[in-house]
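Me: Hi! I have this complex open and would like to talk it through with you. Could you help me read it?

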2 protein chains.
Amino acid sequence: MSIRHAILGFLSWKPFTGYELKKLFADSLSFHWTGNNNQIYGSLIQLHRDGLVSQEVQPQEKLPARKLYAIPPAGREELRAWLLAEPELPQLRNSFHIQLAWAEALSDRELDSLLEAYERVLEAQTLMCRERARRGLAAPGRSPREILVWRRIEEKRVGDYEDELDWLRSLREDLKALSPEPS
Amino acid sequence: MSIRHAILGFLSWKPFTGYELKKLFADSLSFHWTGNNNQIYGSLIQLHRDGLVSQEVQPQEKLPARKLYAIPPAGREELRAWLLAEPELPQLRNSFHIQLAWAEALSDRELDSLLEAYERVLEAQTLMCRERARRGLAAPGRSPREILVWRRIEEKRVGDYEDELDWLRSLREDLKALSPEPS
DNA sequence: CAAAGCATGTAAGCAGTTACATGATTGT
DNA sequence: ACAATCATGTAACTGCTTACATGCTTTG
């Protein structure tokens with residue numbers, strides 16, 4: 001699995017330029033590659049070299065030529081093959097949990113302020129996700145099946161952040177009960 | 001965050017060889033680097049070069065020399081600095097969800113068998129995690145605080161897989177309701 | 001006699017991130 | 001005047017994964 005498959009996925013809707021794809025990735029909750037603008041252009045060049053996307057160059061006056069990418073049959077086959085591939089388990093690597101696992105070197109107060117900081121970023125993320133999910137995705141009207149699947153995926157993502165927040169809050173309470181602050 | 005911090009974490013318990021660290025990573029649910037045996041040896045060399053771990057070479061007859069690594073004050077400082085660093089949000093990149101998002105090219109039956117395959121691997125993973133969590137970690141007896149934190153982290157991991165399984169099952173049901181199979 | 005355990009590493013490659021680089025047009 | 005939008009890319013780096021490489025000892 002790499003960003004190239006997701007690019008093929010978007011192109012299976014309709015042709016896009018690299019710039020448009022960049023925005024699609026940035027706007028979607030579920031495809032949160034961070035350093036996209038770079039990776040997308042590179043991936044498109046690769047995909048084109050491999051014959052999995054076609055390129056239509058549209059010269060513009062005084063602006064760089066738009067390169068509109070579409071998905072030819074070979075690309076659709078590659079996409080389909082990937083869709084049918086063995087599902088991978090989610091990674092679930094939470095770097096904060098690893099940080100926490102070694103927090104024995106911190107005092108109770110330091111640990112609590114670390115947890116508080118995590119709670120703050122989680123809260124912000126949860127709010128942002130919920131807001132974006134509420135506004136709905138900018139996806140073109142597709143089949144009821146696809147709409148259902150996409151909604152479920154987005155809901156799961158929001159739910160995951162909310163679960164992490166609940167977990168964190170309950171952990172903080174248990175820690176407080178374990179060693180109550182001298183007040 | 002990288003594997004080097006987790007190595008420093010383990011060494012903060014007591015000295016270990018690369019081989020032992022490899023097993024610790026392999027045995028723990030929460031630190032699931034896959035290609036460790038390689039990365040660990042390389043990271044130890046780096047850490048040693050940077051003065052963050054110390055190395056005691058113990059020659060053996062007819063076996064490669066054991067290299068026992070310990071954590072000097074500089075390493076403890078680095079560990080502490082990392083512990084106090086800004087918490088990172090969990091990544092939540094689920095490559096199966098991305099696969100699913102583009103499954104429009106699949107028939108109802110193909111989609112369902114994909115979901116079924118995912119359910120199988122998730123079930124296996126959940127069982128494996130639960131079993132391992134039940135057996136408890138091989139960690140040396142530490143403070144009540146550390147024990148609580150470690151248990152919570154492991155429980156969260158199992159819970160995450162279980163949630164994913166619940167989510168998947170409910171999605172399958174909804175999809176079945178949407179387009180009932182011609183039986 | 002084969003498999004698992006002990007014990008170390010190297011090399012090649014991929015995916016993703018950050019930073020750098022250019023430059024016109026449109027909106028506030 | 002400044003920021004945002006349009007539009008493309010390159011280079012360097014980090015972290016992780018896969019495959020390769022060696023060789024002895026203990027257990028089944």
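Me: What classes of residue make up the surface near DNA strand D?
Reply: By class, the surface near DNA strand D has 8 nonpolar, 9 polar and 6 charged residues. Here Ala, Val, Leu, Ile, Met, Phe, Trp, Tyr, Cys and Pro are nonpolar, Asp, Glu, Lys and Arg are charged, and the others, Gly among them, are polar. Being near a strand means having a heavy atom within 4 Å of it.

Me: Before I go on, what should I know about the model and the numbering?
Reply: This is a predicted model, where local features need pLDDT of at least 70, side-chain atom pairs count only at pLDDT 80 or more, and totals for chains, interfaces and linings use all residues. Residues are numbered from 1 along each chain as its sequence is written, chains are lettered from A and ligands numbered from 1 in the order in which they are written, and side-chain values use heavy atoms, with hydrogens and water left out.

Me: Thanks! Which residues come nearest to DNA strand D?
Reply: Of the 23 residues around DNA strand D, the nearest are A:Y41, A:K67, B:T34, B:N38 and B:Q39.

Me: And which elements supply that surface?
Reply: At least two residues each come from α2 (18-27), α3 (36-49) and β3 (66-70) of chain A, and from α1 (3-11) and α3 (36-49) of chain B. α2(A) gives the most, with 3 residues. Helices (H or I, at least four residues) and strands (E, at least two) are DSSP runs, numbered from the N terminus.

Me: What part of DNA strand D faces the protein, backbone or bases?
Reply: Of its atoms within 4 Å of the protein, 63% belong to sugar or phosphate and the rest to bases. As for phosphate oxygens of DNA strand D, one is 2.8 Å from a polar backbone atom of A:Y19, one is 3.1 Å from a polar side-chain atom of A:Y41, and B:R4 has a polar side-chain atom 3.2 Å from one.

Me: OK, now the other strand. Which residues are closest to DNA strand C?
Reply: The closest are A:T34, A:N38, A:Q39, B:Y41 and B:K67, out of 23 residues that surround DNA strand C. On that surface, α2(B) gives the most, with 3 residues. The residues there divide into 8 nonpolar, 9 polar and 6 charged.

Me: Where does A:N38 reach on DNA strand C?
Reply: An N or O atom in the side chain of A:N38 is 2.5 Å from a base nitrogen of DNA strand C. A:T34, by its polar side-chain atom, lies 2.8 Å from a phosphate oxygen of that strand, and for B:Q60 the value is 3.1 Å, again to a phosphate oxygen.

Me: Switching topic: how does chain B superpose on chain A?
Reply: A rotation of 180° with 0.0 Å of shift along its axis does it, with RMSD 0.1 Å. The two copies are therefore related as by a two-fold rotation axis. In chain B, the C-alpha nearest the axis belongs to B:L92, 3.3 Å from it. The fit is by least squares on the C-alpha atoms of residues with pLDDT of at least 70 in both copies.

Me: Last one: what are the domains of chain A?
Reply: The domain assignment, which is automatic or from a database, gives domain 1 (3-84) and domain 2 (95-178). Their C-alpha centres lie 30 Å apart.

Key
A polar contact is a pair of N or O atoms within 3.5 Å; within protein, one must be able to donate a hydrogen and the other to accept it, and residues adjacent in sequence count only if both atoms are side-chain atoms.
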